[in-house]
Structure formats: structure tokens, C-alpha cells
Amino acid sequence: MMQIQYKAPRNWLQTLLQTEIAQGMALTLRRMFNKPITRQYPEEKPVVAAGFRGRHALVRDAETGESRCVACMRCARVCPSHCIRIRWSRAADNSRVVDAYNIDALRCIFCGYCAEVCPVNAIVLTEVYAYAANGRAAFRFDKQALLDNWDDFAAQKGDMAGYVNPLCRPRNMPEGMLAHAKRVPVDSEWNGTEQWVGVNHRTVQKNAESPQNQKSPTSGQGGAEA
């Protein structure tokens with residue numbers, strides 16, 4: 001039930017002295033001594049959390065220097081805004097070769113489905129949020145532009161060793177349900193092994209209650225009995 005409380009009408013003295021102005025000035029004076037909550041951007045850069053859905057990039061493979069994309073077309077099919085266009089051909093060994101990979105960033109809704117379904121972690125949404133241009137053409141990323149975006153992101157991160165994108169390796173997802181390329185090492189908080197209630201939880205409880213893990217009642221009192 002919602003209760004509406006109306007402001008009490010002013011009396012003649014409040015109307016004469018305009019007390020609302022004094023109340024407003026008092027509030028302004030109090031806020032002058034509070035800690036500022038604004039950020040002096042761009043001098044002060046915000047700390048972006050892992051999994052931020054920023055500029056698109058194609059991960060450059062460290063061994064080949066090319067994209068990891070295998071042209072499975074999953075990202076293009078799952079994209080709700082149809083902003084991904086891929087053209088591929090067959091190589092001599094019958095494997096798929098990506099001839100063109102285009103993303104229209106202005107049509108993208110940054111849902112992250114493309115990164116989630118990619119079986120080889122080829123497409124990611126980086127933590128780069130500040131990118132602007134004067135025309136729409138600059139936001140139509142082709143394959144080379146997407147690889148350059150990854151290089152720029154890696155240069156900003158500095159050290160990419162151990163980098164895991166939550167969109168590519170979802171939290172609390174059992175490793176057995178992930179594609180091989182997505183089974184990257186993460187801590188127990190990330191993979192959720194300590195949060196599952198079921199077989200794993202009962203196993204931990206059983207191990208904790210086993211006689212080997214429990215101290216005997218007299219073991220800690222031996223000195224007193226002697």
C-alpha cells in the first residue's frame with residue numbers, strides 16, 4: 001500500500017521570510033564539505049571490472065599471429081542484432097578459412113552472446129570503452145581492425161598472462177560443460193566449485209566428518225590426564 005505524504009502548507013511567517021531559500025542554502029553549505037563523488041575524467045580513469053562489454057576484438061593467436069576464428073558461424077547466428085558478417089572459403093586441407101569478418105559496432109547491443117558461444121575464444125568484448133569517431137564508417141570493424149583492437153587492448157593491459165574474460169569463460173560453469181578452448185585455469189571462486197550444493201557439497205561434508213579428519217576427544221587432553 002502506497003501512502004502519499006503532502007508537504008505542509010507554509011504559514012504567513014515562512015512565506016514572508018522565504019525559509020525555503022535558507023534551507024536550500026544550508027544544504028548547499030553542507031555539501032561543500034562533503035567528499036566529492038565526481039571523477040575528473042579523462043585525467044582520472046575509472047577502473048573497469050573484468051567482463052566489461054566494450055570495444056570488439058578478434059583475439060590474435062600467439063603462435064600464428066592470426067585470428068583464432070574457425071568460421072563456425074555461431075557468433076553470426078546467435079547475434080540478435082545481426083551485426084556480424086563472415087565470409088569464408090575452403091582451404092586445401094578442407095578446413096575453413098576466414099576471408100572477411102565484419103562487425104557493425106553501431107548495431108551491436110553488446111549482449112556478449114558472440115563471445116559466449118565462440119568455441120575457441122576468438123571474439124571478445126574488451127574493456128576498452130573510450131573510442132570515438134566522426135563518422136559511422138569508423139565503427140564498422142573489419143578483420144584487420146578487430147585484430148588491431150586486440151593489439152591495442154593488450155598494450156593497455158600490459159601483461160596478458162592469465163587474462164580470462166568472463167564472457168569467454170562464464171563464472172560458475174562446470175568445466176565439463178565448456179568447449180576445450182574455454183577450459184582455462186581459474187580459481188575456485190570463479191569456477192564455482194565451492195558454491196555447488198549437491199554431490200560436491202556432500203563429498204566435502206563427508207570428508208570433513210571422516211574419522212581421519214576428526215581429532216579424538218582425548219587427544220587434546222593427554223597432558224591433563226597424565
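Helix H5 lies across strands S3 and S5 and runs at about 75° to S3. This is a predicted model, and the packing of H5 on two strands is a good place to enter it.

**The sheet**

S3 and S5 belong to an open sheet of 3 strands. The order is S2-S3-S5, and the pairing is antiparallel. Strand S2 (84-90) and strand S5 (140-141) stand at the edges. Each has a single partner strand, so one side of each is left without a neighbour in the sheet. S2 pairs with strand S3 (residues 96-104) over 7 bridges, in the antiparallel sense. One contact point can be named: Ile86 has Tyr101 of S3 as its bridge partner.

**The chain as a whole**

The chain holds 8 helices and 5 strands. Along the sequence they follow the pattern α-α-β-α-β-β-α-β-β-α-α-α-α. There are 226 residues, of which 27% count as buried. The accessible surface of the chain is about 16400 Å². Carbon and sulfur atoms account for 55% of that surface. Contacts reach far along the sequence: taking those between residues at least 6 apart, 61% join residues at least 24 apart.

**Backbone exceptions**

Most residues other than glycine have a negative phi, and most peptide bonds are trans. Against that background, which residues have a positive phi although they are not glycines? Gln18 is one, with a phi of about 55°. Asn172 is another, with a phi of about 60°.

| Residue | Phi | Relative accessible area | Loop |
|---|---|---|---|
| Gln18 | about 55° | 34% | between helix H1 (12-17) and H2 |
| Asn172 | about 60° | 32% | between helix H5 (143-157) and helix H6 (188-191) |

Gln18 is partly exposed, and Asn172 is partly exposed as well. Buried would require a relative accessible area under 20% and exposed one over 50%, so the 34% of Gln18 falls in between. The 32% of Asn172 does too. The loop that holds Asn172 starts from H5 (143-157) and leads to H6 (188-191); H5 is the helix that lies across S3 and S5.

Where does the cis peptide bond fall? The bond joins Tyr41 and Pro42, with omega about 10°. Pro42 sits in the loop between helix H2 (19-32) and strand S1 (56-58). H2 also borders the loop of Gln18, which lies between H1 (12-17) and H2.

Technical notes
Residues numbered from 1 in each chain as written. Predicted model: local features only at pLDDT ≥ 70, side-chain atom pairs only at ≥ 80, totals over all residues. Heavy atoms only, no water. Helix = DSSP H or I, 4+ residues; strand = E, 2+ residues; numbered from the N terminus. Buried < 20%, exposed > 50% of the residue type's maximum accessible area, 1.4 Å probe, protein only. Pairing = 2+ DSSP bridges. Contact = heavy atoms within 4.5 Å. Axes fitted to C-alpha atoms, helices over the stretch in contact; angles between N-to-C directions. Areas by Shrake-Rupley, 256 points an atom, 1.4 Å probe, with all protein chains shown as cover.
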